[in-house]
Amino acid sequence: MPPNRDAVPRMLSAVIFDVDGVLVDSPHEQAWREALAGFADPAGFTTAFYQAHVAGKPRLEGARATLERLGDAEAAAHAAAFAERKQAVIERLIAEDRFVAFPDAIRLAFALRDAGLRIVLASSSKNADATLARVTLPDGRTLRSLFDADVSGRDVPRGKPDPALFQLAAKAVNVPPAECLVVEDAPAGIRAAQAGGMASLGIARLGDEALLRAAGADLVVTSLDQLDVAALGSGSLRTRSVEAANDP
C-alpha cells in the first residue's frame, strides 16, 4: 500500500516524539533480550516480537507481556525481577554509548522548529533523558535541548496504548490534543495517539509498515525525511515528492 499523501485535514501546532526507535536507535531491544536468560529462551525475543508486544510500553508491562507470550506460567510473579535485570543491562549499554541518533529525526526536529511548531518528548522509558543527554549536536548542545518540553518517564495511571502520556505532553506546551501529531515506531504508541484524538505518523524503520497501518497510523513513512513539513501548517499530513525526500 503506498503512503497516504493527504491525511488528517486539521491544523497541527505541536509534534510529540517518542524516543526509542524514533529519535535514537536505542539498545532497549538488546537489553530485553540479554536480560531474558534464566526467565525464558532469548531466541524467541525477535525484533518482530519486540515491535509487536513490547515497544512503547512501560518497563513492567513490557516485562510481563514478554514472559506471558514466551510461555512463563508465573509471568506475573517474575515480571518485576526481569524488569529490574533489564534496567541494569540498559544502564550499562547507555553508559557504553551503544546507540546512535537517527540523522533524519534530528533533521525533522530542526525543520519543525524552523516552521514554528512546538516539539515535545514523550517516551514511556525512564531512560530517555539519560540517552538524549549523551547525544551532542554539532554546536555542542544536547539533543534534548531542541525540544520545548519533555514528559518522558513521567508516572501516568496507565501506559501506552492509553493516551495519558501524550495528553500530558500536549498540556506541557498548551496545545489541544486535536492539534498534535505523534511520531511513533510502535503500534502501542500509534493506538495511544488515536485514543487521545491526535494525528499519528508511523516511522517504519524495521520493515513493519503493516503493523503501524493496522494500528491506525494516519501516515506511515520509512524515513522522517519523507514528511512534508511545510504542509503541516495548512493542516495536511502527507509525504513530500520523491525528489524532495531524497534531498533533505
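1. How much space lies in the largest pocket? In this predicted model, the largest pocket holds about 410 Å³ of space. The lining of the largest pocket is made of 27 residues, of which Lys57, Pro58, Arg59, Ser124 and Ser125 are the closest to its centre. Two helices, α1 (28–35) and α3 (59–69), each supply at least two residues of that lining. By character, the lining residues of the largest pocket divide into nine nonpolar, eight polar and 10 charged.

2. The second largest pocket contains about 230 Å³ of space. Of the 13 residues that line the second largest pocket, those closest to its centre are Gly21, Asp25, Gln51, Asp185 and Leu206. A reader who wishes to set this lining beside the other will find that the residues of the second largest pocket divide into four nonpolar, three polar and six charged.

3. The sheet is the next feature to trace in the model. Six strands form an open sheet, with parallel pairing, in the order β5-β4-β1-β6-β7-β8. Because β5 and β8 (219–221) stand at the edges and each has a single partner strand, one side of each is left without a neighbour in the sheet. As general background, strands of a sheet pair through backbone hydrogen bonds, either parallel or antiparallel.

4. Within this sheet, the pairing can be followed residue by residue. Strand β1 (residues 14–17) runs parallel to strand β4 (residues 118–121), and four bridges join the two. Valine 15 stands opposite isoleucine 119 in β4, while the bridge partner of phenylalanine 17 in β4 is leucine 121. Leucine 121 also stands opposite aspartate 150 in β5. Strand β5 (residues 149–150) is joined to β4 by two bridges, and these two strands run parallel.

5. The packing of the helices deserves a separate look. In general, two packed helices are described by the angle between their axes and the distance between the axes. Helix α3 packs against helix α4 (residues 75–95) at an angle of about 120°, with their axes 8 Å apart. That angle makes α3 oblique to α4, and α3 passes α4 in a right-handed crossing.

6. Helix α4 also packs with α1, at an angle of about 130° and with their axes 8 Å apart. These two helices, α1 and α4, are therefore oblique to each other, and the crossing in which α1 passes α4 is right-handed. It may help the reader to recall here that α1 and α3, the helices described as packing with α4, each supply at least two residues of the lining of the largest pocket.

7. Two details of the backbone may be checked in the loops. Which residues does a cis peptide bond join? The cis peptide bond joins lysine 160 and proline 161, with omega at about 15°, and proline 161 has its place in the loop between β5 and α7 (164–172). The other detail concerns aspartate 97, a residue other than glycine whose phi has a positive value, near 55°. Aspartate 97 lies in the loop between α4 and β3 (100–101).

Notes:
Residues are numbered from 1 along each chain as its sequence is written. This is a predicted model: local features need pLDDT of at least 70, side-chain atom pairs count only at pLDDT 80 or more; totals for chains, interfaces and linings use all residues. Side-chain values use heavy atoms; hydrogens and water are left out. Two strands pair if DSSP finds at least two bridges between them. On a 1 Å grid over the protein atoms alone, a cavity is a set of points where a 1.4 Å probe fits but cannot get out, and a pocket is an open set with protein on both sides within 12 Å along at least five of seven lines; lining residues have an atom within 4 Å of a point. Grid points are joined across faces, edges and corners, and a volume is the space filled by probe spheres set on the points. Ala, Val, Leu, Ile, Met, Phe, Trp, Tyr, Cys and Pro count as nonpolar, Asp, Glu, Lys and Arg as charged, and the others, Gly among them, as polar. Axes are lines fitted to C-alpha atoms, for helices over the stretch in contact, and angles run from 0 to 180 degrees between N-to-C directions. Angles under 35 degrees count as roughly parallel, over 145 as roughly antiparallel, 65 to 115 as roughly perpendicular and the rest as oblique. A crossing is left-handed if the near helix is turned anticlockwise from the far one by less than a right angle, and right-handed if clockwise.
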